[in-house]
Structures are given as C-alpha cells and as structure tokens.
Amino acid sequence: MITEDEKNTASRSGLTASDLALIAVFAALIAVFALIPAVFTVGAVPFAFHMIIIVLAPLVLGAWRSVCSVLLYLLVGVAGLPVFSGGRSGPSIFVSASGGYVIGWVVAVLVAGALRTALLRRRPRKGLLAVWLTVAGVVCVVITHLFGVAWFMVAPNLHMGLGAALLTTAPFFPLDLLKVVIAALLAVAVLSAFPRLMPARKA
Amino acid sequence: MRLENYLGAYRAGDSLMHRAPVVVKYLLLVVLGVVPFFAGRWPVSAATLVLSALVLVVGARRSPRELDPMLGVLVMSALILVYDSFFLSWRNGVVFVCGTLSCLWLARVLTCTTPASVLMDAIASLARPFKPLGASPERFALTINIMWNSIPGLLLSVRQVRDAARARGIERAGWRFVAPVIVGAVGRALEMGEALQARGLADND
Amino acid sequence: MIEYRQAGVEVDGYDLDGRAVTTRILRDVTLSLPQRRIAVIGANGSGKSTLLKLVNGLIRATSGQVLVEGLDPAREGRAVRRRVGHVFTDPAAQLVMATPLEEIELSLRASIRNRVERQRRALEVLASHGLEHVANRSVHTLSGGERQLVALAAVLAVGPSIVIADEPTTLLDLRNRIILGRAFDGLDQQLVCSTHDLELAARMDRVLLVDAGRVMGDGSPQEIIARYREQMAVRADEPAGGRR
Amino acid sequence: MIEYRQAGVEVDGYDLDGRAVTTRILRDVTLSLPQRRIAVIGANGSGKSTLLKLVNGLIRATSGQVLVEGLDPAREGRAVRRRVGHVFTDPAAQLVMATPLEEIELSLRASIRNRVERQRRALEVLASHGLEHVANRSVHTLSGGERQLVALAAVLAVGPSIVIADEPTTLLDLRNRIILGRAFDGLDQQLVCSTHDLELAARMDRVLLVDAGRVMGDGSPQEIIARYREQMAVRADEPAGGRR
Ligand SMILES: Nc1ncnc2c1ncn2[C@@H]1O[C@H](COP(=O)(O)OP(=O)(O)OP(=O)(O)O)[C@@H](O)[C@H]1O
Ligand SMILES: Nc1ncnc2c1ncn2[C@@H]1O[C@H](COP(=O)(O)OP(=O)(O)OP(=O)(O)O)[C@@H](O)[C@H]1O
Ligand SMILES: O=C(O)CCCC[C@@H]1SC[C@@H]2NC(=O)N[C@@H]21
Ligand SMILES: [Mg+2]
Ligand SMILES: [Mg+2]
C-alpha cells in the first residue's frame, strides 16, 4: 500500500499531514519523558529519560522528520514553555552544561535517521531489524556525547580538560546504550505495528 | 491536581490575563521567567517568583492550587538546589529554582487564558516573515498546536493503558506498558494525520 | 451480586465562563442487580459508561457506595477487579499488546504459568471467536470489528465472574452480532452491558434506562425498550439541543 | 461523481514466521457512483473502510484507478481533498484540538479569517448539532456519542461537496441516530457511508455489498440488505472461524 505520506518523506518542504502529526507527537513525547524526574545528575547535567525518545525518533521517522521534531521541541522550550528536563525552559539551555548534548541531538538524529533509512531499505527480517536499529541508535548516542564533550571543553564557564570532560560524560554513556536497546525494541514494536513507516523498498 | 493538567488547559473567562494580548503574556513569560536566569541575582529571581505567582492567581484568577509544580519538577529542583549549595553556592540554586517555577506558572497562564485559535493566529503571524523561504505559517502553527495538545493526551494515555491492564486484573503495569503508550501514540498520530488530510487542514497555504 | 447504594458521581470542571463548577453526572443510584443478564440503555451522555465504571472502581463514587459481592471497589480495588472483567467501548483503548495472540497470552499469564501451554490455550481462545487468522497480525491493522472481538476475547480469557461490557457490539457486523449475542447467552458469568443496540438489550433479563444521570426505568426488556423508543422519538422532534 | 476502475489494494506486512508478505485486501473494483446517497455494507474485515479511503487518497490503489469528479486522488490529492470530507469511525483519533469549539474553529480557519466571526460561526455549528453545552469541555471528558457528533460536525463545517462517512452512527443513541439520518437526507452533498446499521442503509438510494475485498452486491436497499441478512444468518451458523 502506498500511502500519501510516504511520498515526500525526504524533502523538507513536502511534509504531509501525517508527517506533521508525527513530528508534533514525537516532540510531545520528548517533552513528556523530560518530565520524569531525573534519577541523578553529574554536575548540572541531568540524567535524561527523554534520550530514549531522542534515539527512538530517527529509528521510526528517519532523518528529516526526526530533525524537525527535535527542532520543534527545542523551539518550544527556548520560547519559554517548560518542556526541558525538570520543567526548565528558555534559551539558557544552550549555554548550560547540557548545551553541547542538546545541539548534538540535531546532528545525531540526522545521521542516525539517514543510516536507519539506508539499512532498512533492504527489508530485513524481524530479528535483523532490531540489530540494524540498535546500530543506528548507537551512532545517535555517540554523536550526542561527542558534542557534549566538545562543549565541556570549549564552554567559557567550564573549560574542562579532555579527561575531565570524558569523566563527566562517562556515567551517562553505558546507561545511554541501555536506552538504545530500549529504543530499538520500541522501534521494532512501532515499525511492525505500522509497516508503512518503513522506508520504501530498494528498487 | 491531575498530571494531564501540568501545562494548564484553556478556560474561558474575563480576567485581566484573558483580556491581555498574547504578546503581553509572552513578554511576561520571557521577562519574569527567562531573563532572571541571565541576571543571576537571587533577590531579583525571588521577586519575579512572587510576581509570577500573583500573575497566575490574581491576573488570571486561577485557584492557588494550580501553583503546584508536581513531582517531577520538585524532585529536579531539589536535586539541583542541593548540588548547587554543595559545589557552587546556594544562590545559584535559588536563581535556578525560581526561574523554573516562574516559567511553569507563566506557561500555565498562557495556556489557561489564551484560546487555541488566538495562539495559532499569533504563531502564524510570527512565522509569516519566513514565508518567502518556503515556510508555511498555518501548517507551522497547526504543528505547534498539535504538539501542545498532545502532551495532556499522552499523559492521559498512560492512565488509560493502566486502566486497561487493571480491567483485566493486571495490577502492576510498570515498564512493560511503555511500549503500548508509544505504539498507541504513533498510531494516533497517523490517524490524526489522515484526519487532518481528509479535512484539508494540512495542505500548503 | 452488584449493589449500588445511593451512589453518585460528581466531577470538577468549568462552565462556559471559566468558573469552577461541579457537575453531577450520576445521582443517587440505588439498585441491586442479582439477575444474570442486565442491559443499560439511555441517551448519549446520560451516564451509562459512568454507571458501569463504578463497578470495578475505574471511577469512584463521590457519594454513596457500590458493593460487588460485598466488596467496595473503592477500597478493595484489586479483589474486585479480579472478579470483574470490563470491556471498554473503544477497543483501541483496551488493546495493549502488539498482536491478538500476545494480547490473549497477557490475559492468561496469571492462570497459566507454562509458556507453551499458555500460547496453545491463547490460540484456542482466538479460534473460538473466529479470530485465528489474525493471531499474529498487528492489532493496528485489524478492522474495527476484528479489534472489538479481540478486546472481548481478551477480557473473557481472564475468567472473571462478572463481565461488564460497555457497548460491545458497536463495530460488529450482523454475523458477529448474532454470534456475540449467543456467546452472551451461553456465558456462565453475570453480564452487565450498556448498549444502543436494542436487539441486544431485548435478549437480557432486565433493562435499566438511564437519563441525565438517573436511573429512570427498570424492568423487563419489552417494557423499558418501548418506553425508551417513545421518549427518543419525541426528543428527536424537539429543536436541536433543546434537551438538557 | 466517484468512479472505480479495476481498483485493487495490496498491503505489506509480516507473516507468522516474520517473513515480509503482501496481502490483497481489495480486488478489481469497478463501479461508478452517480447517486446522491450510497451505503456500503458487508462483514467485518471485508474491505469497506479500505474502499472509502481510496476516495480521497488516504490509501492509494496499487492497481487500477479511482476518479473523483474526473480527478485522480493519487495525483491530485489536494484538489480531491478540497472536495471530499471524510469522517472516520473512531472519533478519538480525529479530534486534534483540546475542545469542541476549537475543533470547529480549526475547520473554519481557511474560510473565515476574522477571529470573532469565526468563533460565532463555530458556536452556531455546534448548536445546530445540539452540542453547545460541551463547547468548552475538554474532548477527553466527552462521552463516546458526544465525540462522534463533534467529529462529524467538524468535517461538515469545512463544506465539502462529497461526504464520506465510515460507520457514522456506531456510538449514537436512538435520538441522535434519527437526527443524523434526517441530517443526511437533507444534505446537499453526495454522501457515501459504510455502516452496520441496516436502518441507515435502508434510507439510501443504492447499497453496495462488499465481501472479502470484492463488491458482491449492488442495487436497491431492500434487495441488497435482504441478501446480506440471509448470508450473515447462514454464516453465523457455520462453525466458528469457518469462513474466510
Ligand atoms: N470529567 C468530566 N467532566 C465533565 N463532564 C464529564 C466528565 N466525565 C464525563 N462527563 C459527562 O458525564 C456525562 C455522562 O458520561 P458517560 O460517558 O457516562 O455517558 P454515556 O451514557 O456512556 O454516553 P454514550 O452513550 O455517548 O457513551 C456526559 O455528558 C459526559 O460528557
Ligand atoms: N496494513 C494492513 N496489513 C494487513 N491487513 C490489513 C491492513 N490494513 C487492513 N487490513 C485488512 O484488510 C481487511 C479490510 O479492512 P477494512 O478496515 O477495510 O475492513 P472493514 O470492512 O472496514 O471492516 P469493519 O466492518 O470491521 O470496519 C481487514 O481484514 C484488515 O484486517
Ligand atoms: O536539560 C535538558 O533537557 C537536556 C539534558 C541533556 C542530558 C544529556 S543527553 C545525553 C546524556 N545522557 C543523559 O542521561 N544525560 C545526558
Ligand atoms: Mg458510554
Ligand atoms: Mg471499517
């Protein structure tokens, strides 16, 4: 079945109604997961349950739509509405200690989304599907952390050395890999419930 | 207060804030909520906190019960306050917590006193300058609105899934039911997309 | 047995001008329901679903009390829910797993520990509702009627001693409606269902007519259904929105 | 006018062993529908909703073609959707705003630029469906029937020239069903609805009977409904799951 919304998933201007709804709902999901109280913080960086959805978005939506939903989430938060973790909001997010991660999300979902689309065009069997999705998810997490670390080192008020920066991100990393596994399983559930979200078959 | 009312819900009325233009409400949010973060002075933050509470209770004539920030925000604020007091200074913590609470209350003022259609008009007119770049203001406004309306919907669906499990004698839902909430949300988004499309609401303007 | 003792439900809300108001959506319901087959009929928004949700504590009475086999759902919720199965109107709200098979297996978890045995039994349950061909399909690709049957099967599979069904036939075709009617006749459990399907209501032992939050009629199917038909025909001729 | 030319639909999915498979859910439908009032009836899962969704391109034919007033929904989607209003079975998925009033205002945005005027008109629309008392209520607290009426009002408010309604009466009470039936009779637009409510189908000019993805009957209401009743009664007596 070719549904209307599959037509233009790659071009940004051609977003269909279903794309808009998916973008909006994923942005809302990120916000809802950001509300779950953080179990711990390292410095001023909170543990983020919403990272699960940040990883899930590219696995389900591919590159462009997931970038749009992350941007929408950031826009709404920067505009002042309390959707960042712990109900924070405002442009201060970019200059806070988490600033690097947040900017990293945009690049991370773009790359992970493109990778996921390339991998799924072959229509893998269900078992392999989870593996490919995990791979794309790990890429998403790694890029996020690279940006996070880079920011720790260059941010005017932090100026950490490489070692300190790596040490700060280290406690999150294994847990984020766990989130990738959760996101991949959720993505398998979503994609098998709605096969039309799979990218078009390779010709 | 119920979780799905975290962001407030529009109620008709004739309070000061109901009559104020959206711009004013938004400026309040920025000036009282966001700016003090940058000022970084705790007395300023404390004062804006009190002002924000007054805007909600007096300006928008909402019940003081709606000042309740709910568990998630409380826990995070407490964590940050403790951390800041130990490693930086308690003043940082106070600035942070005041800013967070002010933003939350003023966001509630905005949603409680502004009808969606007014909000959409405002967002669309903000986006209009970008039209030559290929943006479509109406669709943009619609998307933001759907996002905003989906948050209570999602919080509610957590309860719904729990009720569904309980109705079949499964008491402890837990993490197993994250999947149904998310798959359900995607399903609803797809159906919502079809419905929007069928109503011709999402076509480019 | 289900008993309502002056049960009432009030909800907080706002009126058109934004003032906080309390609305009574159910008032002073006193009933005892020993019959095997009971139908609840009434207009949209009259309070049928609310009345049914009181039984397993999905909604709590704000005044009065409800008792299910002597237990109060508000205080002994778990014990009550173990006895009462509740089928919602909207099957989409009830199905929590990915496929019909997993859905039924979920219901059987408590009673069958062995996984292989559980799956075998789940397939049997599906087959007995004519659903084996959709066992492994995503519930989201099922047609409306298929979904409603799965939701019903999932609740019955728990083996409750009372079955509450809120408009169980809305999405069903004629054949499935006939089959469901028969299945209901053959059910050992007590059944309370709300419905707009008057043919279904006519098969029951007792019919309750709810109107504007009150039980306004209570008696044999013929009598109550006739009264309801008459009432509705009159109201349909009133100017739009004239009622309430 | 709506025309189907050997339209067929295939869908991708996974089979029991997780292999990707393709299923045909609609085959070779050739029809032209000039009549004003058309009902589509048939068993659960027979393909009614699929048939309707082809009309405004929500699903595209994988073989053959559909034409709406000469336009192909697959290629001229926007032009077609401007003409065709589609009411879905499940009202919960269709309501995107927080309150009924906002919902109707959303429908009117394109046609009424002035905000005050738009709100006035939206309240009028709600009143004409007997819904003014829920105008500012959260859609999440509406009863099923109230929601279904709001969804219908929201689609009609756009002013389409063809109305497609997928089981529009499932959640309605007798009174609202009568009112809806009359509203449909009075509609200027062409109406195509699928339904299990044979009283509604009987009011139409032409009835299509769908079975297992094929149009198996096409004619006057009396004739087709009688045939359907007979068929379903027979199938209800076959062993469970015997069909398909
Ligand atoms: N939280 C709430 N706030 C305000 N009103 C409510 C709330 N919940 C339910 N209601 C109202 O209570 C009334 C009874 O609702 P209920 O769902 O029991 O009706 P019903 O008889 O099942 O209707 P239907 O036949 O349409 O399903 C409705 O008018 C509904 O809008
Ligand atoms: N994506 C899909 N994958 C596999 N099967 C599908 C898919 N979508 C629909 N089907 C199947 O196609 C058949 C037709 O579905 P459709 O929704 O058109 O039925 P319907 O006649 O509207 O049924 P109902 O009366 O229950 O609403 C059903 O058996 C359904 O399960
Ligand atoms: O305040 C925010 O909303 C942003 C928090 C970012 C936290 C980062 S995301 C990657 C890493 N993993 C975590 O659990 N937390 C950090
Ligand atoms: Mg109901
Ligand atoms: Mg259907």
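This tour visits annotated spans of chain A and two surface patches in a predicted model.

Begin with chain A. An unreviewed UniProt entry annotates residues 20-40, 46-63, 70-87, 93-115, 127-152 and 172-194 of this chain as "transmembrane region". Select residues 93-115 of chain A: this span is 87% helix and 0% strand, and its end C-alpha atoms lie 28 Å apart. Move next to residues 172-194 of chain A, where the helix content is 96% and the strand content 0%. Here the end C-alpha atoms are 32 Å apart.

Next, select A:W64, A:F94, A:V95, A:I103, A:V107, A:L110, A:V111, A:V142, A:L146, A:F147 and B:F38. Together these residues form a nonpolar surface patch with about 860 Å² of accessible area. Colouring chain A by helix shows where the patch comes from: α3 (92-95), α4 (99-120) and α5 (126-154) each supply at least two of its residues. The largest share, 4 residues, comes from α4(A).

Within the patch, centre the view on A:I103, which sits in helix α4 of chain A. The relative accessible area of A:I103 is 37%, so this residue counts as partly exposed, the class between buried (under 20%) and exposed (over 50%).

Finally, turn to chains B and C and select B:R176, C:R109, C:R113 and C:R115, which form a positive surface patch. Of these, centre on C:R109, located in the loop between α4 (100-108) and α5 (115-128) of chain C. C:R109 is partly exposed because its relative accessibility is 38%.

Definitions and conventions
Residues numbered from 1 in each chain as written. Chains lettered and ligands numbered in written order. Predicted model: local features only at pLDDT ≥ 70, side-chain atom pairs only at ≥ 80, totals over all residues. Heavy atoms only, no water. Patch = residues over 30% accessible without salt bridge, like charges linked within 9 Å, V, L, I, M, F, W, Y side chains within 5 Å. Areas by Shrake-Rupley, 256 points an atom, 1.4 Å probe, with all protein chains shown as cover. Salt bridge = Lys/Arg side-chain N within 4 Å of Asp/Glu carboxyl O. Lys, Arg positive; Asp, Glu negative; His and termini not counted. Charge placed at Lys NZ, Arg CZ, Asp CG, Glu CD. Buried < 20%, exposed > 50% of the residue type's maximum accessible area, 1.4 Å probe, protein only. UniProt positions renumbered as here; feature names shortened; annotations may be inferred.
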